[in-house]
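Colleague: I have just opened this structure and would like to learn how to read it. Could you take me through some of its features?

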Amino acid sequence: MSAQLPLGSEKPNKPFNARILGIETSCDETAASVVENGRHVLSSIVASQAEMHAKFGGVFPEVASRQHIRTIHPVIDQALVQAHLGISDIDAIAVTRGPGLAGSLVVGVNTAKGMALGTNLPLMGVNHLEGHIYSAWAIPESSQDPPQPPNFPLMALLVSGGHTELNLMTDHLTYKRLGGTTDDAAGEAFDKVARLLSLPYPGGPSIQKVSVIGDPKAFTFPRARLEGSWDFSFSGIKTAVLRVVRKLEEDNQPLPIEDLAASFQAAVVDILFTKTMDAARKYQVKEIVVAGGVSANKVLREAFLGQTEFKVHIPPLSLCTDNAVMIATAGYYHFLRGDRSPLDFDVLPNWPLS
């Protein structure tokens, strides 16, 4: 085990040698990872339940929590083996405390508590949304040319199945929420439109796949600009797709699924990109971070990476969806700050980031 950090003795931006074991069970992925020094990924294991929940058209909470119980210990063991480390080589444990499904969160938190109690390792409950943002700091083992870490101040677009929000960060672990979704999150809208088009769950990858041969200009779906705020709204786009689908069905016309999907995707990406860029200019940030499950979308990535006004950090595809690398990475900066969670802390299913 490397040297322990005295409580409160370091600032978050000062390097310190530490290996953090991350545990993530907020939804339907059971994940564990070891990250060194807040950037270097030594291992990452994810046991996905996607196929199990596909028949429900979404995550079935009771099924998810039971599956977490079955897989959590083997996943943690594999993460340590992959990192070529034992638990005695770990300096702290970070676990997702929320937000997420209560039953799923409890499995990860209680497992982490048991390990912390048995090993006397520091324990930190981490916000799942914070983890997504910090995935931009992680460097996978396979990386041949490691990028520089994000620089502050930065604008963080968090876009996932359950959350869409803009946060201004002026330093590590500091978040000023500028705006969020007033209705559906972007990922949720993708899932709902996919169901309208009879595409499989999860909706994001399905819509992207069929959109490749679709015309993004075939339909002009509304963009809710919500002038005067940094909030998002995607229910109008979803409803517009529904109306088109119903009209075509009433007229006994075949659904141009590829064109509908491509046009819907273009509308969502347009709003996400435009609002983020406007906010970045307004607050005069240096860089932009785009994170969360929807950041895996190819069209969204191309929009941000294709502009030259700001340097943009988007995690590799393997770190866009739920994983434990992001929890261990965020946990590292909490560790540096001296944050510790007591063994009696509870899960927070609706825990906001800021």
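Modeller: Happily! Keep in mind that this is a predicted model. Let's start with one residue, Ser-135: its relative accessible area is 1%, so Ser-135 is buried.

Colleague: Where does Ser-135 lie in the chain?

Modeller: Ser-135 sits in the loop that runs between helix H4 (128–134) and strand E6 (154–159).

Colleague: And which residues is Ser-135 in contact with, leaving aside its neighbours within four places in sequence?

Modeller: There are contacts with Ala-291, Pro-315, Leu-319 and Met-326.

Colleague: Let me step back to the whole protein. How many helices and strands does the protein have?

Modeller: You will find ten helices and ten strands. Along the principal axes, the C-alpha trace spans about 70 × 45 × 35 Å.

Colleague: How does the radius of gyration fit with a compact globule?

Modeller: The idea is to set the value beside what the chain length suggests. A compact globule of 354 residues would have a radius of gyration near 20 Å, and the protein has 20 Å, so the two agree.

Colleague: What share of the residues count as buried?

Modeller: Of the 354 residues, 54% count as buried. You can also ask how far apart in sequence the contacting residues are. Taking contacts between residues at least 6 apart in sequence, 74% join residues at least 24 apart.

Colleague: Now for helix packing. How are two packed helices described?

Modeller: One gives the angle between their axes and the distance between the axes. Here, helix H5 (residues 186–196) packs with H6 at an angle of about 60 degrees, the axes being 7 Å apart. An angle like that makes H5 oblique to H6. The crossing of these two helices, H5 and H6, is left-handed.

Colleague: Which residues make the contact between H5 and H6?

Modeller: From H5 come Phe-190, Asp-191, Val-193 and Ala-194, while H6 brings Gly-203, Gly-204 and Ile-207. Sorted by class, the contact of H5 with H6 has four nonpolar, two polar and one charged residues.

Colleague: Can we try another pair, H8 and H9? At roughly what angle do their axes cross?

Modeller: The axes of H8 and helix H9 (residues 298–306) cross at roughly 35 degrees and come within 10 Å. H8 passes H9 in a right-handed crossing. On the H8 side you can pick out Gln-265, Val-269, Leu-272, Phe-273 and Thr-276, which meet Val-299, Leu-300, Ala-303 and Phe-304 in H9. This contact of H8 with H9 divides into seven nonpolar, two polar and no charged residues.

Colleague: Back to H6 for a moment. Is Ser-206 buried or exposed?

Modeller: The cut-off for buried is under 20% relative accessible area. Ser-206 has 11% relative accessibility, so it counts as buried. This residue lies in helix H6 (residues 203–211). Not counting residues up to four places away in sequence, Ser-206 touches Leu-199 and Pro-200. Asp-278 is 72 residues from Ser-206 along the chain, and their C-alpha atoms are separated by 29 Å.

Colleague: What about peptide bonds: which kind joins Tyr-201 and Pro-202?

Modeller: For this, look at the omega angle. Tyr-201 and Pro-202 are joined by a cis peptide bond, with omega about -5 degrees. Pro-202 is placed in the loop between H5 and H6. A cis peptide bond also joins Phe-152 and Pro-153, where omega is about -5 degrees. Pro-153 belongs to the loop between H4 and E6.

Colleague: How far apart in space are Asp-171 and Pro-153?

Modeller: From C-alpha to C-alpha they are 6.7 Å apart, with their positions 18 residues apart in sequence. Asp-171 is found in the loop between strand E7 (164–169) and strand E8 (176–180). With 31% relative accessibility, Asp-171 counts as partly exposed.

Colleague: One last backbone feature, phi. What is the value for Asn-252?

Modeller: Phi of Asn-252 is near 55 degrees, a positive value in a residue other than glycine. You can find Asn-252 in the loop between helix H7 (235–250) and helix H8 (257–282). Its relative accessible area is 70%, so Asn-252 is exposed. Gln-284 is not a glycine either, and has a positive phi of about 50 degrees. The loop between H8 and strand E9 (287–291) holds Gln-284. With a relative accessible area of 67%, Gln-284 is exposed.

Notes
Residues are numbered from 1 along each chain as its sequence is written. This is a predicted model: local features need pLDDT of at least 70, side-chain atom pairs count only at pLDDT 80 or more; totals for chains, interfaces and linings use all residues. Side-chain values use heavy atoms; hydrogens and water are left out. Helices (H or I, at least four residues) and strands (E, at least two) are DSSP runs, numbered from the N terminus. Buried means under 20% relative accessible area, exposed over 50%, partly exposed in between (1.4 Å probe, protein chains only). Contact means heavy atoms within 4.5 Å. Axes are lines fitted to C-alpha atoms, for helices over the stretch in contact, and angles run from 0 to 180 degrees between N-to-C directions. Angles under 35 degrees count as roughly parallel, over 145 as roughly antiparallel, 65 to 115 as roughly perpendicular and the rest as oblique. A crossing is left-handed if the near helix is turned anticlockwise from the far one by less than a right angle, and right-handed if clockwise. Ala, Val, Leu, Ile, Met, Phe, Trp, Tyr, Cys and Pro count as nonpolar, Asp, Glu, Lys and Arg as charged, and the others, Gly among them, as polar. The radius of gyration is taken over C-alpha atoms; the globule rule is 2.2 Å times the number of residues to the power 0.38.
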